Structure formats: C-alpha cells, structure tokens
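Good morning, and thank you for joining this session. I would like to introduce a structure that is new to our group, beginning with one loop and working outward from there.

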Amino acid sequence: LRAELAAECSLSPSQFLRRQQVLQLYRKILRAIREVPAETDRRYLKDWAREEFRRNKGATEEDAIRMMITQGNIQLQELQRTLKLAKS
C-alpha cells in the first residue's frame, strides 16, 4: 500500500486522472460481471477482465491508454446491454 501511495504521488495530474478512470472502469466491469447469472460465465469474465487490465498495466502512452479506456467502456456497455436483454 505504501508503494502504491508513493507511486500515486509521483504521477502528473493527467496521469492521476487517467489512473482514476482506469480504476473506476475496472470496478464497473467487475460490478457488471456480478450480475451474470451463470457461475462459470462469471468466473470466465472475471478472469478475462483481470488479465486484460494486468496485461495493459504498464502502458504509458496517453493516446493508447485513452483508446483502451474507450474500448473498455464499449465492452462494459455491451455486457450491460446483454444482461438487460437476458433479464427481459
């Protein structure tokens, strides 16, 4: 935790905001996945989300990070839409 706080302190304001966006997206995706009815599908999606975020953790290029956030939001919306349709 201390190392994480030290890393946050060395971020520029735009990097800090981008990091907050990424964390917020990650939390939203995990919350949406909790709504998936089948346990095996939930586990698969959770593992997929964790791996995607872990794989891109070291990204530093601002444009690439913005693009990944946009892609993540699109995928989140698709998941939410699918869940909504499944419930109706």
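**From one loop to the helix packing**

Let us begin with threonine 60, which is located in the loop connecting helix 3 and helix 4. Please keep in mind throughout that this is a predicted model. Is threonine 60 buried or exposed? Its relative accessibility is 68%, so threonine 60 counts as exposed, the cut-off for that class being over 50%. How far is threonine 60 from glutamine 15 in space? The two C-alpha atoms lie 8.9 Å apart, although 45 residues separate threonine 60 from glutamine 15 in sequence.

With that loop placed, let us turn to the chain as a whole. The secondary structure consists of four helices and zero strands, and the order along the sequence is α-α-α-α. The chain has 88 residues, of which 16% count as buried. Its accessible surface is about 7000 Å², and carbon and sulfur atoms account for 54% of that area. If we consider contacts between residues at least 6 apart in sequence, 66% of them join residues at least 24 apart.

I now come to the packing of the helices. Two packed helices are described by the angle between their axes and the distance between those axes. Helix 2 covers residues 13-34 and helix 3 covers residues 39-55; their axes come within 9 Å and cross at roughly 170 degrees. Angles over 145 degrees count as roughly antiparallel, and helix 2 and helix 3 are therefore roughly antiparallel to each other. Which residues make this contact? Helix 2 contributes Val22, Leu25, Tyr26, Ile29, Leu30, Ile33 and Arg34, while helix 3 contributes Arg42, Leu45, Lys46, Ala49, Arg50 and Phe53. Sorted by class, the contact comprises nine nonpolar residues, four charged residues and no polar ones.

Helix 4 runs over residues 62-87 and contains 26 residues. From its first C-alpha to its last, helix 4 reaches 37 Å, close to the 38 Å expected at 1.5 Å a residue. An α-helix has 3.6 residues a turn, so residues three or four places apart point the same way. The buried residues of helix 4 are Ile65, Ile69, Gly72, Leu76, Leu79 and Leu83. Where do these buried residues of helix 4 pack? They pack against helix 2 and helix 3.

Three individual residues complete the picture. The first to mention is arginine 18, a residue of helix 2. Its relative accessible area is 16%, so arginine 18 is buried. Beyond its neighbours within four places in sequence, arginine 18 is in contact with Glu62, Ile65, Arg66 and Ile69. Two of these partners, Ile65 and Ile69, also appear among the buried residues of helix 4.

Next is methionine 68, which belongs to helix 4. With a relative accessible area of 27%, methionine 68 is partly exposed. Setting aside residues up to four places away in sequence, methionine 68 touches Asn56 and Ala59. The C-alpha atoms of methionine 68 and valine 22 are 9.0 Å apart, with their positions 46 residues apart along the chain.

Finally, leucine 11 sits in the loop between helix 1, residues 2-9, and helix 2. Leucine 11 has 27% relative accessibility and counts as partly exposed. Not counting residues up to four places away in sequence, leucine 11 touches Phe16 and Arg19.

To close, I would ask you to remember the roughly antiparallel arrangement of helix 2 and helix 3, and the buried residues of helix 4 that pack against both. Thank you for your attention.

Conventions: Residues are numbered from 1 along each chain as its sequence is written. This is a predicted model: local features need pLDDT of at least 70, side-chain atom pairs count only at pLDDT 80 or more; totals for chains, interfaces and linings use all residues. Side-chain values use heavy atoms; hydrogens and water are left out. Axes are lines fitted to C-alpha atoms, for helices over the stretch in contact, and angles run from 0 to 180 degrees between N-to-C directions. Helices (H or I, at least four residues) and strands (E, at least two) are DSSP runs, numbered from the N terminus. Angles under 35 degrees count as roughly parallel, over 145 as roughly antiparallel, 65 to 115 as roughly perpendicular and the rest as oblique. Contact means heavy atoms within 4.5 Å. Ala, Val, Leu, Ile, Met, Phe, Trp, Tyr, Cys and Pro count as nonpolar, Asp, Glu, Lys and Arg as charged, and the others, Gly among them, as polar. The expected span of a helix is 1.5 Å times one less than its number of residues. Buried means under 20% relative accessible area, exposed over 50%, partly exposed in between (1.4 Å probe, protein chains only). Accessible areas come from the Shrake-Rupley method with a 1.4 Å probe; for residues, only the protein chains shown count as cover.
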